[in-house]
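Opening the notebook on a new model today. I want to know what holds the middle together, then work outwards to the helices.

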Amino acid sequence: MSNPQSSNHHAHHAQRTTMRIERLEWNDGLLLGHGPMDDEHREFVHIVMALRNSTAETALAALAAVEAHLISHFDLEHEWMEKTAFPDVYSKCHRDQHDEVLASVFQVHQLAAIGQIGLGAVHRLAQSLMDWFPGHADYMDSSLSAWINGKTHGGQAVVLRRNLVHESRIPGGESKNLVEAKAA
Ligand SMILES: [Fe+2]
Ligand SMILES: [Fe+2]
């Protein structure tokens, strides 16, 4: 079993890469090889695009769907880490990214639910999730997938991936009040 990450593992703490993605569409390039994880990722793409395309009327439901999805998606990955004894040094970074993302989603959801932020802020959250995901999948999830497959099939897990990490952004808020929009 090789290490799940290449030698530049710690570089991602320093490096910030921002890539703006206009559309996030499911494609085979996003497949990592562990079926259940790929299923989660397919669902992630679908649910985040629904948030990106949400209206003032659908935004709160779309936020709730993203939140519920991410909780179970991340919990599943944490469960796989534990079951396969994924090394702590890698799982810590991976979990930190999940925590950071969930915190942003919780915050936006809470503020939107009480009408403190509007549709623009919700769409910015969707955009930041779209920008974040390919790097996270490519760098963090791919190594976990390879590790699980290596453990499961006794194969050699070799992961050569670009070091892409999201830049975390907390969306601000200035557009139309969602609670009022929903009531209107
Ligand atoms: Fe994932
Ligand atoms: Fe992950």
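**Entry 1: one valine.** I started at Val 122 and listed its contacts, skipping neighbours within four places in sequence. What came back was Leu 51, Ser 54, Ala 59, Leu 63, Val 108 and Ala 112. Note to self: this is a predicted model, so every number here is computed from predicted coordinates.

**Entry 2: the core around it.** Next I pulled up the largest nonpolar core, which has 27 residues. Val 122 is among the members touching the most others, along with Val 48, Leu 51 and Leu 63. Which helices supply at least two residues each? I get α2 (35-52), α3 (59-83), α4 (88-113) and α5 (119-153). Of the contributors, α5 gives the most, with ten residues. Apart from this core lies another one, of eight residues, and I noted Leu 144, Ala 146, Trp 147 and Ile 148 among them. For background, nonpolar side chains tend to be buried together in soluble globular proteins.

**Entry 3: the whole chain.** I zoomed out for the overall count. The protein chain has six helices and zero strands, so to speak a plain α-α-α-α-α-α when read along the sequence. Buried residues come to 32% of the 184 in the chain. I also checked the contacts with a separation of 6 or more: 80% of them join residues 24 or more positions apart.

**Entry 4: α3 on its own.** I measured nothing by hand here, just read off the computed span. α3 has 25 residues and reaches 36 Å from first C-alpha to last, close to the 36 Å expected at 1.5 Å a residue. Which of its residues are buried? The list is Ala 59, Ala 62, Leu 63, Val 66, Leu 70, His 73, Glu 77 and Met 81. I flagged His 73 and Glu 77 in that list for a second look. A reminder on spacing: an α-helix has 3.6 residues a turn, so residues three or four places apart point the same way. Just after α3, Ala 85 takes a positive phi of about 55 degrees.

**Entry 5: α2 against α3.** Last job was the packing of this pair. Their axes sit 9 Å apart, at an angle of about 160 degrees. That is over the 145 cut-off, so α2 and α3 are roughly antiparallel to each other. The crossing of α2 past α3 is left-handed. From α2, the residues that meet α3 are Glu 40, Glu 43, Phe 44, Ile 47, Val 48, Ala 50 and Leu 51. On the α3 side I have Ala 62, Leu 63, Ala 65, Val 66, His 69, His 73 and Leu 76.

Methods. Residues are numbered from 1 along each chain as its sequence is written. Chains are lettered from A and ligands numbered from 1 in the order in which they are written. This is a predicted model: local features need pLDDT of at least 70, side-chain atom pairs count only at pLDDT 80 or more; totals for chains, interfaces and linings use all residues. A nonpolar core is a set of buried Ala, Val, Leu, Ile, Met, Phe, Trp, Tyr and Cys residues joined through C-beta atoms within 7 Å. A residue is buried if 20 or more other C-beta atoms lie within 10 Å of its own, exposed if 12 or fewer, and partly exposed in between; C-beta atoms are placed from the backbone. Helices (H or I, at least four residues) and strands (E, at least two) are DSSP runs, numbered from the N terminus. Two residues are in contact if their C-beta atoms, placed from the backbone, lie within 7 Å. The expected span of a helix is 1.5 Å times one less than its number of residues. Axes are lines fitted to C-alpha atoms, for helices over the stretch in contact, and angles run from 0 to 180 degrees between N-to-C directions. Angles under 35 degrees count as roughly parallel, over 145 as roughly antiparallel, 65 to 115 as roughly perpendicular and the rest as oblique. A crossing is left-handed if the near helix is turned anticlockwise from the far one by less than a right angle, and right-handed if clockwise.
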